[in-house]
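Reader: I'd like to learn how to read a few features of a model like this one. Could we start with a single residue and work outwards?

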Amino acid sequence: MRKLVGPLVLALVVATPGLASTAGAHAAPDPLDNAVHVLADEGEDTFYWYDGYDLYNLFVREAYAQTLEEPGLVFRFTLYGGFAPTELSDQLAVDIEATTTDGAQELTITTTDDQTWEGDMEVLVANVTEDDPPFTGVTSRMQTFVSYDQLGVAPGASVEDIKMESRADDDVRDVAPGGIFLPNSQGQGEIPQESERMVDSLELAGPHGYVELSTTPTETGVDVTVENTLGNGQHVTADVSAPEAWNASINGSAQTSLPDGETTTFTVEADPSPDAVDPLAVEVVSDLGAHETVYVGVNGTELTTDLEPNNVEVEPNQPEPNESPGLGLAALASLLASLALLTRRKP
(Lines give C-alpha, C1' and ligand atoms only; values in the text may rest on other atoms or scores of the structure.)
Protein backbone atom coordinates (compact mmCIF):
# COMPACT_ATOMS: atom_id res chain seq x y z
CA MET A 1 0.00 0.00 0.00
CA ARG A 2 1.44 3.35 -1.02
CA LYS A 3 1.55 6.05 1.61
CA LEU A 4 -0.21 9.37 1.01
CA VAL A 5 1.70 12.62 1.46
CA GLY A 6 -1.20 14.90 2.39
CA PRO A 7 -1.79 18.66 2.60
CA LEU A 8 -0.59 18.90 6.23
CA VAL A 9 2.77 17.33 5.36
CA LEU A 10 3.13 19.62 2.35
CA ALA A 11 2.38 22.70 4.44
CA LEU A 12 5.06 21.61 6.91
CA VAL A 13 7.60 21.15 4.11
CA VAL A 14 6.85 24.60 2.68
CA ALA A 15 7.15 26.30 6.05
CA THR A 16 10.22 24.49 7.41
CA PRO A 17 13.55 26.30 6.80
CA GLY A 18 16.14 24.17 5.03
CA LEU A 19 13.62 21.95 3.24
CA ALA A 20 12.40 24.41 0.62
CA SER A 21 15.08 26.38 -1.21
CA THR A 22 14.66 29.34 -3.52
CA ALA A 23 14.59 29.24 -7.30
CA GLY A 24 18.17 30.47 -7.28
CA ALA A 25 19.24 27.01 -6.17
CA HIS A 26 18.25 25.64 -9.59
CA ALA A 27 20.37 25.92 -12.68
CA ALA A 28 18.59 28.16 -15.19
CA PRO A 29 17.75 26.60 -18.54
CA ASP A 30 20.11 27.36 -21.39
CA PRO A 31 17.84 28.33 -24.30
CA LEU A 32 19.10 29.18 -27.77
CA ASP A 33 19.59 32.82 -28.70
CA ASN A 34 16.47 32.87 -30.90
CA ALA A 35 14.14 31.43 -28.23
CA VAL A 36 11.43 33.62 -26.70
CA HIS A 37 10.99 33.57 -22.92
CA VAL A 38 7.25 33.03 -22.64
CA LEU A 39 6.64 31.90 -19.03
CA ALA A 40 8.74 32.84 -16.00
CA ASP A 41 7.89 30.42 -13.19
CA GLU A 42 9.91 29.97 -10.01
CA GLY A 43 11.28 26.62 -8.84
CA GLU A 44 9.95 24.90 -5.70
CA ASP A 45 11.71 21.97 -4.04
CA THR A 46 8.69 20.60 -2.15
CA PHE A 47 7.84 18.50 -5.19
CA TYR A 48 10.59 16.07 -4.25
CA TRP A 49 8.41 14.64 -1.47
CA TYR A 50 5.17 13.92 -3.30
CA ASP A 51 4.11 12.93 -6.80
CA GLY A 52 4.15 15.67 -9.40
CA TYR A 53 6.33 18.10 -11.29
CA ASP A 54 7.19 21.68 -10.55
CA LEU A 55 7.30 23.77 -13.74
CA TYR A 56 10.29 26.03 -14.27
CA ASN A 57 10.27 28.55 -17.13
CA LEU A 58 9.16 28.07 -20.72
CA PHE A 59 11.04 29.17 -23.83
CA VAL A 60 9.60 28.81 -27.33
CA ARG A 61 11.31 28.97 -30.71
CA GLU A 62 10.25 28.28 -34.26
CA ALA A 63 12.15 25.40 -35.83
CA TYR A 64 12.23 22.90 -38.66
CA ALA A 65 12.24 19.29 -37.43
CA GLN A 66 14.45 17.38 -39.86
CA THR A 67 13.27 13.95 -38.79
CA LEU A 68 9.62 14.93 -39.30
CA GLU A 69 10.27 17.25 -42.27
CA GLU A 70 7.90 19.80 -40.74
CA PRO A 71 8.20 23.33 -39.35
CA GLY A 72 6.65 24.17 -36.00
CA LEU A 73 7.36 25.21 -32.42
CA VAL A 74 9.90 23.85 -29.94
CA PHE A 75 8.91 24.20 -26.27
CA ARG A 76 11.83 24.17 -23.84
CA PHE A 77 11.14 23.84 -20.09
CA THR A 78 12.45 22.22 -16.92
CA LEU A 79 10.63 19.94 -14.50
CA TYR A 80 11.53 19.23 -10.86
CA GLY A 81 10.21 16.40 -8.73
CA GLY A 82 8.54 13.43 -10.41
CA PHE A 83 7.38 10.27 -8.68
CA ALA A 84 8.06 10.31 -4.93
CA PRO A 85 9.32 7.20 -3.04
CA THR A 86 5.77 6.80 -1.66
CA GLU A 87 4.17 7.40 -5.04
CA LEU A 88 0.42 7.10 -5.37
CA SER A 89 -0.12 8.23 -8.93
CA ASP A 90 -0.23 6.03 -12.04
CA GLN A 91 1.05 8.74 -14.37
CA LEU A 92 2.30 12.31 -14.35
CA ALA A 93 1.29 14.78 -17.05
CA VAL A 94 2.35 18.15 -18.42
CA ASP A 95 -0.08 20.25 -20.49
CA ILE A 96 0.69 23.20 -22.74
CA GLU A 97 -2.38 25.27 -23.59
CA ALA A 98 -2.75 28.14 -26.06
CA THR A 99 -5.19 29.84 -28.41
CA THR A 100 -4.78 29.98 -32.20
CA THR A 101 -7.07 30.83 -35.11
CA ASP A 102 -8.28 27.22 -34.83
CA GLY A 103 -9.41 27.92 -31.25
CA ALA A 104 -8.20 26.53 -27.91
CA GLN A 105 -5.28 24.09 -28.11
CA GLU A 106 -4.27 21.61 -25.41
CA LEU A 107 -1.14 19.50 -25.84
CA THR A 108 -0.36 16.80 -23.28
CA ILE A 109 2.59 14.50 -22.62
CA THR A 110 2.62 11.84 -19.89
CA THR A 111 5.10 9.56 -18.15
CA THR A 112 4.81 6.52 -15.88
CA ASP A 113 8.49 6.31 -14.91
CA ASP A 114 10.02 9.83 -15.09
CA GLN A 115 12.07 8.65 -18.07
CA THR A 116 9.90 8.00 -21.12
CA TRP A 117 7.19 10.32 -22.41
CA GLU A 118 4.39 10.09 -24.93
CA GLY A 119 1.45 12.20 -26.04
CA ASP A 120 0.44 15.03 -28.36
CA MET A 121 3.94 16.47 -28.78
CA GLU A 122 7.10 14.94 -30.20
CA VAL A 123 9.69 14.71 -27.40
CA LEU A 124 12.97 15.89 -28.90
CA VAL A 125 14.99 15.99 -25.67
CA ALA A 126 14.31 14.46 -22.25
CA ASN A 127 17.48 14.98 -20.25
CA VAL A 128 16.59 13.30 -16.95
CA THR A 129 19.01 13.30 -14.02
CA GLU A 130 18.60 11.99 -10.47
CA ASP A 131 18.93 14.76 -7.90
CA ASP A 132 21.38 14.60 -5.03
CA PRO A 133 20.16 13.82 -1.47
CA PRO A 134 18.24 14.95 0.47
CA PHE A 135 16.06 15.29 -2.66
CA THR A 136 14.53 12.09 -3.94
CA GLY A 137 13.26 13.20 -7.34
CA VAL A 138 14.61 14.10 -10.75
CA THR A 139 15.39 17.15 -12.83
CA SER A 140 14.07 16.82 -16.39
CA ARG A 141 15.21 19.29 -19.03
CA MET A 142 12.67 18.90 -21.80
CA GLN A 143 12.27 19.98 -25.40
CA THR A 144 9.08 19.09 -27.24
CA PHE A 145 7.89 19.85 -30.76
CA VAL A 146 4.48 20.51 -32.33
CA SER A 147 4.01 21.27 -36.02
CA TYR A 148 2.30 24.34 -37.44
CA ASP A 149 -0.26 22.03 -39.06
CA GLN A 150 -1.18 20.49 -35.71
CA LEU A 151 -1.77 23.94 -34.24
CA GLY A 152 -3.58 25.17 -37.35
CA VAL A 153 -1.15 28.06 -37.86
CA ALA A 154 1.40 29.30 -40.37
CA PRO A 155 4.01 32.08 -40.50
CA GLY A 156 2.14 35.37 -40.19
CA ALA A 157 -0.30 33.97 -37.62
CA SER A 158 0.06 34.09 -33.83
CA VAL A 159 -0.18 31.83 -30.80
CA GLU A 160 -1.89 33.53 -27.85
CA ASP A 161 -2.05 33.15 -24.06
CA ILE A 162 0.30 30.20 -23.60
CA LYS A 163 0.07 28.47 -20.23
CA MET A 164 1.30 25.23 -18.65
CA GLU A 165 -0.06 22.81 -16.09
CA SER A 166 1.37 19.73 -14.40
CA ARG A 167 -0.81 16.97 -12.96
CA ALA A 168 -0.49 13.76 -10.98
CA ASP A 169 -3.22 11.69 -12.59
CA ASP A 170 -6.05 14.29 -12.61
CA ASP A 171 -4.81 16.26 -9.59
CA VAL A 172 -3.28 19.65 -10.46
CA ARG A 173 0.24 20.20 -9.08
CA ASP A 174 1.50 23.43 -10.68
CA VAL A 175 0.19 26.06 -13.07
CA ALA A 176 2.20 28.65 -14.98
CA PRO A 177 1.38 31.45 -14.74
CA GLY A 178 0.05 30.66 -11.27
CA GLY A 179 0.90 28.86 -8.05
CA ILE A 180 1.47 25.31 -6.84
CA PHE A 181 -1.33 23.20 -5.35
CA LEU A 182 -1.72 21.03 -2.28
CA PRO A 183 -2.02 17.33 -3.19
CA ASN A 184 -5.58 16.02 -3.45
CA SER A 185 -7.06 19.53 -3.24
CA GLN A 186 -8.62 19.16 -6.71
CA GLY A 187 -7.11 22.45 -7.79
CA GLN A 188 -8.46 24.39 -4.78
CA GLY A 189 -5.48 24.54 -2.42
CA GLU A 190 -3.26 26.97 -4.30
CA ILE A 191 -0.05 28.33 -2.78
CA PRO A 192 0.91 31.54 -4.65
CA GLN A 193 4.31 31.61 -6.37
CA GLU A 194 6.24 34.10 -8.46
CA SER A 195 4.94 33.32 -11.93
CA GLU A 196 4.10 35.44 -14.97
CA ARG A 197 3.49 35.29 -18.68
CA MET A 198 6.26 37.29 -20.35
CA VAL A 199 4.70 37.32 -23.84
CA ASP A 200 0.94 37.36 -24.44
CA SER A 201 1.16 36.83 -28.19
CA LEU A 202 3.82 34.87 -30.04
CA GLU A 203 4.00 36.23 -33.61
CA LEU A 204 5.12 33.54 -36.03
CA ALA A 205 7.69 34.26 -38.75
CA GLY A 206 8.88 30.75 -39.64
CA PRO A 207 12.15 29.13 -38.48
CA HIS A 208 14.63 31.97 -38.17
CA GLY A 209 17.65 33.20 -36.23
CA TYR A 210 19.78 30.12 -36.88
CA VAL A 211 21.80 30.96 -39.98
CA GLU A 212 22.27 33.68 -42.57
CA LEU A 213 22.82 32.87 -46.25
CA SER A 214 24.69 34.75 -48.96
CA THR A 215 25.40 33.72 -52.55
CA THR A 216 28.09 34.29 -55.16
CA PRO A 217 27.53 33.30 -58.80
CA THR A 218 30.37 31.33 -60.39
CA GLU A 219 31.18 30.25 -63.95
CA THR A 220 29.55 26.85 -63.32
CA GLY A 221 26.90 27.61 -60.73
CA VAL A 222 26.65 29.42 -57.40
CA ASP A 223 28.44 29.36 -54.04
CA VAL A 224 26.08 29.40 -51.04
CA THR A 225 27.77 30.69 -47.87
CA VAL A 226 26.14 29.83 -44.53
CA GLU A 227 26.89 31.78 -41.34
CA ASN A 228 25.98 30.31 -37.95
CA THR A 229 24.31 33.19 -36.08
CA LEU A 230 23.66 31.23 -32.88
CA GLY A 231 25.89 31.00 -29.83
CA ASN A 232 25.84 27.21 -30.28
CA GLY A 233 27.40 24.89 -32.80
CA GLN A 234 25.12 23.38 -35.45
CA HIS A 235 25.31 20.52 -37.92
CA VAL A 236 24.36 22.08 -41.27
CA THR A 237 23.23 20.24 -44.40
CA ALA A 238 22.57 21.52 -47.93
CA ASP A 239 20.38 19.86 -50.55
CA VAL A 240 19.57 20.72 -54.17
CA SER A 241 16.04 20.39 -55.49
CA ALA A 242 16.36 20.52 -59.27
CA PRO A 243 13.18 21.01 -61.29
CA GLU A 244 12.78 19.72 -64.83
CA ALA A 245 15.39 20.93 -67.33
CA TRP A 246 18.04 21.72 -64.68
CA ASN A 247 21.23 19.72 -64.22
CA ALA A 248 22.42 20.53 -60.69
CA SER A 249 24.40 19.01 -57.80
CA ILE A 250 26.61 19.96 -54.86
CA ASN A 251 30.30 19.73 -55.60
CA GLY A 252 31.98 18.36 -52.48
CA SER A 253 30.50 17.67 -49.05
CA ALA A 254 26.86 18.60 -48.52
CA GLN A 255 27.11 18.74 -44.71
CA THR A 256 29.39 20.03 -42.00
CA SER A 257 29.61 20.85 -38.28
CA LEU A 258 29.56 24.62 -37.94
CA PRO A 259 30.80 26.24 -34.68
CA ASP A 260 29.11 29.40 -33.43
CA GLY A 261 30.02 32.48 -35.45
CA GLU A 262 31.70 30.42 -38.20
CA THR A 263 30.82 30.18 -41.89
CA THR A 264 30.92 27.43 -44.50
CA THR A 265 30.38 27.46 -48.26
CA PHE A 266 28.53 24.90 -50.37
CA THR A 267 29.50 24.85 -54.05
CA VAL A 268 26.48 24.24 -56.28
CA GLU A 269 26.99 23.23 -59.89
CA ALA A 270 23.97 24.39 -61.92
CA ASP A 271 23.26 24.20 -65.65
CA PRO A 272 19.79 25.06 -66.96
CA SER A 273 18.74 23.81 -70.39
CA PRO A 274 16.76 26.05 -72.78
CA ASP A 275 13.58 24.30 -71.58
CA ALA A 276 13.96 25.41 -67.93
CA VAL A 277 10.97 27.38 -66.62
CA ASP A 278 11.14 26.95 -62.79
CA PRO A 279 13.89 28.13 -60.42
CA LEU A 280 16.37 25.77 -58.82
CA ALA A 281 16.06 25.48 -55.02
CA VAL A 282 19.01 25.07 -52.63
CA GLU A 283 17.79 24.16 -49.13
CA VAL A 284 19.90 24.58 -45.98
CA VAL A 285 18.80 22.90 -42.74
CA SER A 286 20.44 22.29 -39.36
CA ASP A 287 19.96 19.86 -36.51
CA LEU A 288 18.84 22.73 -34.25
CA GLY A 289 16.01 23.86 -36.52
CA ALA A 290 17.28 26.04 -39.37
CA HIS A 291 15.46 25.88 -42.69
CA GLU A 292 16.44 28.42 -45.36
CA THR A 293 16.10 28.22 -49.14
CA VAL A 294 17.97 30.03 -51.91
CA TYR A 295 16.31 30.11 -55.34
CA VAL A 296 18.46 30.18 -58.47
CA GLY A 297 17.22 31.64 -61.76
CA VAL A 298 18.87 32.46 -65.07
CA ASN A 299 18.87 35.47 -67.36
CA GLY A 300 20.39 34.34 -70.63
CA THR A 301 23.56 32.65 -69.39
CA GLU A 302 23.83 34.59 -66.12
CA LEU A 303 22.60 32.87 -62.94
CA THR A 304 20.69 34.99 -60.40
CA THR A 305 19.63 34.21 -56.81
CA ASP A 306 17.07 35.34 -54.25
CA LEU A 307 15.38 34.07 -51.09
CA GLU A 308 11.97 34.36 -52.77
CA PRO A 309 11.13 32.21 -55.81
CA ASN A 310 9.01 34.94 -57.42
CA ASN A 311 11.99 37.31 -57.42
CA VAL A 312 14.07 35.26 -59.85
CA GLU A 313 13.35 34.87 -63.54
CA VAL A 314 14.08 31.71 -65.49
CA GLU A 315 14.83 32.84 -69.02
CA PRO A 316 17.71 30.80 -70.44
CA ASN A 317 19.20 31.49 -73.84
CA GLN A 318 17.23 29.92 -76.66
CA PRO A 319 18.86 28.31 -79.73
CA GLU A 320 18.85 30.29 -82.96
CA PRO A 321 15.88 29.24 -85.17
CA ASN A 322 16.74 27.14 -88.26
CA GLU A 323 16.02 29.22 -91.42
CA SER A 324 14.99 27.64 -94.77
CA PRO A 325 17.79 27.62 -97.39
CA GLY A 326 17.48 30.63 -99.74
CA LEU A 327 19.23 32.11 -102.76
CA GLY A 328 22.69 33.44 -102.15
CA LEU A 329 23.67 36.95 -103.18
CA ALA A 330 25.74 35.71 -106.12
CA ALA A 331 22.92 33.48 -107.40
CA LEU A 332 20.44 36.33 -107.01
CA ALA A 333 22.70 38.72 -108.97
CA SER A 334 23.13 36.14 -111.74
CA LEU A 335 19.36 35.62 -111.99
CA LEU A 336 18.72 39.36 -112.28
CA ALA A 337 21.38 39.72 -115.00
CA SER A 338 19.82 36.88 -116.99
CA LEU A 339 16.40 38.49 -116.79
CA ALA A 340 17.80 41.80 -118.01
CA LEU A 341 19.50 40.12 -120.96
CA LEU A 342 16.31 38.34 -121.99
CA THR A 343 14.39 41.61 -121.82
CA ARG A 344 16.85 43.37 -124.19
CA ARG A 345 16.61 40.54 -126.78
CA LYS A 346 12.82 40.80 -127.02
CA PRO A 347 11.64 42.22 -130.43
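Author: Sure. This is a predicted model, and a good place to start is tyrosine 64, which sits in strand β2.

Reader: Okay, is tyrosine 64 buried or exposed?

Author: Buried means under 20% relative accessible area. Tyrosine 64 has a relative accessibility of 15%, so it counts as buried.

Reader: Which residues does tyrosine 64 touch, leaving out those up to four places away in sequence?

Author: The list is Glu69, Glu70, Pro71, Pro207, Val285, Gly289, Ala290 and His291. Take glycine 289: it is 225 residues from tyrosine 64 along the chain, yet the two C-alpha atoms are separated by 4.4 Å.

Reader: Let's move on to sheets. How do strands of a sheet pair?

Author: Strands pair through backbone hydrogen bonds, and the pairing is either parallel or antiparallel. Here, one open sheet is built from six antiparallel strands, ordered β7-β8-β3-β2-β1-β13. At its edges are β7 (122-130) and β13 (195-197), each pairing on one side only. From one strand to the next, the twist averages 15 degrees.

Reader: Can you zoom in on a pair of strands? How many bridges join β3 to β8?

Author: Ten bridges link β3 (residues 70-82) with β8 (residues 138-147), and the two run antiparallel. To pick out a bridge, look at leucine 79, whose partner in β8 is serine 140.

Reader: What is the strand order in the four-stranded sheet?

Author: That open sheet reads β15-β16-β20-β18, and the pairing is antiparallel. Its edge strands are β15 (211-217) and β18 (246-251), and each has a partner on one side only. On average, neighbouring strands of this sheet are turned by 25 degrees against each other, direction ignored. Six bridges hold the antiparallel pairing of β18 with β20 (residues 263-272). As for facing residues, serine 249 stands opposite glutamate 269 in β20.

Reader: Now for empty space. What does rolling a probe over the atoms show?

Author: A probe the size of a water molecule, rolled over the atoms, shows where empty space is left. In this model, the largest pocket has a volume of about 260 Å³. It is lined by 17 residues, and the closest to its centre are Arg61, Leu124, Asp287, Leu288 and Gly289. Gly289 should ring a bell, as tyrosine 64 touches it.

Reader: Which strand gives the most to the lining of the largest pocket?

Author: That's β2, with four residues. At least two residues each come from β2 (52-65), β3, β7 and β8. Sorted by class, the pocket lining has nine nonpolar, five polar and three charged residues.

Reader: And closed spaces? How many cavities of 30 Å³ or more does a search of the whole structure find?

Author: One. The largest cavity has a volume of about 40 Å³, and its lining consists of Phe75, Ile96, Glu97, Ala98, Gln105, Leu107, Leu151 and Val159.

Reader: Where does the largest share of that cavity's lining come from?

Author: From β4, which supplies three residues. Both β4 (92-100) and β5 (103-111) supply at least two residues of this lining.

Reader: What is the make-up of the cavity lining by class?

Author: There are six nonpolar residues, one polar and one charged.

How values were computed:
Residues are numbered from 1 along each chain as its sequence is written. This is a predicted model: local features need pLDDT of at least 70, side-chain atom pairs count only at pLDDT 80 or more; totals for chains, interfaces and linings use all residues. Side-chain values use heavy atoms; hydrogens and water are left out. Two strands pair if DSSP finds at least two bridges between them. Axes are lines fitted to C-alpha atoms, for helices over the stretch in contact, and angles run from 0 to 180 degrees between N-to-C directions. On a 1 Å grid over the protein atoms alone, a cavity is a set of points where a 1.4 Å probe fits but cannot get out, and a pocket is an open set with protein on both sides within 12 Å along at least five of seven lines; lining residues have an atom within 4 Å of a point. Grid points are joined across faces, edges and corners, and a volume is the space filled by probe spheres set on the points. Ala, Val, Leu, Ile, Met, Phe, Trp, Tyr, Cys and Pro count as nonpolar, Asp, Glu, Lys and Arg as charged, and the others, Gly among them, as polar. Buried means under 20% relative accessible area, exposed over 50%, partly exposed in between (1.4 Å probe, protein chains only). Contact means heavy atoms within 4.5 Å.
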